[in-house]
Amino acid sequence: MDVYPIHTRPTRELLLRLPLLPTTPDHRIDYERAAPDVVRALADSLETVIATFNLGLSAVGVILAHASAEVGSEIGSETIESLGWFIAEASDMTAALQSLAHSCRYYTTDYTPPQPKSVPMVRF
């Protein structure tokens with residue numbers, strides 16, 4: 001099964017792949033019924049999004065450190081508070097995504113993608 005590669009927007013790619021996973025009657029992901037290539041592609045997307053968010057959160061932290069009042073910044077307290085809430089939510093999201101990525105990797109540890117077979121040259 002070909003999963004629609006996007007490669008330029010990892011979060012968008014992740015959100016497009018999530019609905020491809022089957023669920024159980026109690027609304028949990030049914031990894032046993034899921035196509036292994038979809039689950040592996042989803043794990044790749046999850047890990048890319050987690051890394052992207054972690055790098056972004058680190059960059060925001062550096063900016064906040066340089067935006068303190070002692071440095072002479074005029075950033076308002078409301079902005080700093082909003083960034084704090086954003087960091088908290090983004091960190092919670094990456095933790096949840098990490099759990100999902102771990103499950104995807106766990107259920108596909110023994111999966112080997114099919115290898116393309118070469119066709120011998122035709123001689124006339």
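**Views of a predicted three-helix chain**

**View 1. The surface of the whole chain in the predicted model**. The accessible surface of the chain comes to about 9200 Å², and carbon and sulfur atoms account for 60% of that surface. Of the 124 residues in the chain, 23% are buried, where buried means a relative accessible area under 20%.

**View 2. The helices and the overall spread of the chain**. The chain contains three helices and zero strands, and a reader who follows the sequence from its start meets the pattern α-α-α. The chain is more spread out than a compact globule, because its radius of gyration is 21 Å, well over the 14 Å that the globule rule gives for 124 residues. Taken along the principal axes, the box filled by the C-alpha atoms is roughly 80 × 45 × 20 Å.

**View 3. Contacts and charges across the chain**. Among the contacts with a separation of 6 or more, 67% join residues that lie 24 or more positions apart. The chain carries 9 positive and 15 negative charges, and the mean positions of these two sets are 17 Å apart.

**View 4. The two sides of helix 1**. In helix 1, which runs over residues 10-17, the buried residues are Glu13, Leu14 and Arg17. These residues cover an arc of only 100° around the axis, and therefore they lie on the same side of helix 1. Arg12, Leu15 and Leu16, by contrast, are exposed on the other side of helix 1.

**View 5. The packing partners of helix 1**. The buried residues of helix 1 pack against helix 2, residues 36-66, and also against helix 3, residues 77-107.

Key:
Residues numbered from 1 in each chain as written. Predicted model: local features only at pLDDT ≥ 70, side-chain atom pairs only at ≥ 80, totals over all residues. Heavy atoms only, no water. Helix = DSSP H or I, 4+ residues; strand = E, 2+ residues; numbered from the N terminus. Rg over C-alpha atoms; globule rule 2.2 N^0.38 Å. Buried < 20%, exposed > 50% of the residue type's maximum accessible area, 1.4 Å probe, protein only. Contact = heavy atoms within 4.5 Å. Areas by Shrake-Rupley, 256 points an atom, 1.4 Å probe, with all protein chains shown as cover. Lys, Arg positive; Asp, Glu negative; His and termini not counted. Charge placed at Lys NZ, Arg CZ, Asp CG, Glu CD. Arc of directions from axis to C-beta.
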